[in-house]
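Here is a quick tour for anyone who works at the bench and wants to know what to look for. Keep the viewer open and follow along.

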Amino acid sequence: MTPVTNPTNEAEELYYRALVRTRVIVELTLGVVKNRFRCIHRFGGELQYTPLRSAKIVSACLLLHNRCVSRSIPDPNNHLPEEDMPIEAHVVGAGDLGGTDRQTRDEIIPEFYGRKGV
């Protein structure tokens, strides 16, 4: 989902805030996983495979990370700085929406973030 560039009502503002909060959580999580599995970190290595195989490797890393978290296994690289941690939340890409995508987003906002759904 992409943001509304200039929210003009409460529903659009709520949507934008939810989008930013979600993006921060996703970026923090990816930073932690990339720190634990250096092969997917841009400074620790690169996945030079097909997109499908790379996706399988990343999925395996996420599954292993979740297993480590559920078993309280600490990250051995936890002392390393997190280069990928977002300093401030910002969402880009609002201008990339085509007509159908923009229409879908504009239908979702009032349905889920309008006064009735709050």
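## The overall picture

Of the 118 residues in the protein, 25% are buried. Bear in mind that this is a predicted model. There are three helices and zero strands, so the pattern along the sequence reads α-α-α.

What about contacts between residues with a separation of 6 or more? In this protein, 68% of them join residues 24 or more positions apart.

## Helix H2 and its two sides

Let's start with H2, which runs over residues 51-70. At 1.5 Å a residue, its 20 residues should span 28 Å, and the end C-alpha atoms are indeed 28 Å apart, so the expected and modelled spans agree.

Which residues of H2 are buried? They are Ser-54, Cys-61, His-65 and Cys-68. These four cover an arc of only 60° around the axis, so they sit on the same side of H2. The buried residues of H2 pack against helix H1, residues 10-36. Turn to the other side of H2 and you find Leu-52, Arg-53, Lys-56, Leu-63 and Ser-70, which are exposed.

## How H1 meets H2

Two packed helices are described by the angle between their axes and by the distance between those axes. For H1 and H2, the angle is about 95° and the axes are 10 Å apart. Angles of 65 to 115 degrees count as roughly perpendicular, which is why H1 is described as roughly perpendicular to H2.

Who makes the contact? From H1 come Val-32, Val-33 and Arg-36, while H2 brings Cys-61, Leu-62, His-65 and Cys-68. Cys-61, His-65 and Cys-68 also appear in the list of buried H2 residues.

## The cysteines

How many disulfides are there? The count comes to zero. Take Cys-39, which is in no disulfide: the nearest cysteine sulfur belongs to Cys-61 and lies 4.3 Å away. A disulfide needs the two sulfur atoms within 2.5 Å, so this pair does not qualify.

Is Cys-39 buried, exposed or partly exposed? Its relative accessibility is 36%, and the partly exposed class lies between 20% and 50%, so Cys-39 counts as partly exposed. Cys-68 of H2 is at 15% relative accessibility, which is under the 20% cut-off, so Cys-68 counts as buried.

## Ser-72, just after H2

H2 is followed by Ser-72, which lies in the loop between H2 and helix H3, residues 99-113. Look at the backbone here: Ser-72 has a positive phi of about 55° although it is not a glycine.

Is Ser-72 buried or exposed? With a relative accessibility of 64%, Ser-72 is over the 50% cut-off and therefore counts as exposed.

## Two arginines to click on

Arg-17 is in helix H1. Its relative accessible area is 46%, so Arg-17 falls in the partly exposed class. Along the chain, Arg-17 and Pro-3 are 14 residues apart, and their C-alpha atoms are separated by 9.2 Å.

Arg-105 has its place in helix H3. At 6% relative accessibility, Arg-105 counts as buried because the value is under 20%. Which residue can you pair it with across the sequence? Try Thr-2: Arg-105 and Thr-2 are 103 residues apart along the chain, with 8.0 Å between their C-alpha atoms.

Methods: Residues numbered from 1 in each chain as written. Predicted model: local features only at pLDDT ≥ 70, side-chain atom pairs only at ≥ 80, totals over all residues. Heavy atoms only, no water. Buried < 20%, exposed > 50% of the residue type's maximum accessible area, 1.4 Å probe, protein only. Helix = DSSP H or I, 4+ residues; strand = E, 2+ residues; numbered from the N terminus. Expected span 1.5 Å × (residues − 1). Arc of directions from axis to C-beta. Contact = heavy atoms within 4.5 Å. Axes fitted to C-alpha atoms, helices over the stretch in contact; angles between N-to-C directions. Parallel < 35°, antiparallel > 145°, perpendicular 65-115°, else oblique.
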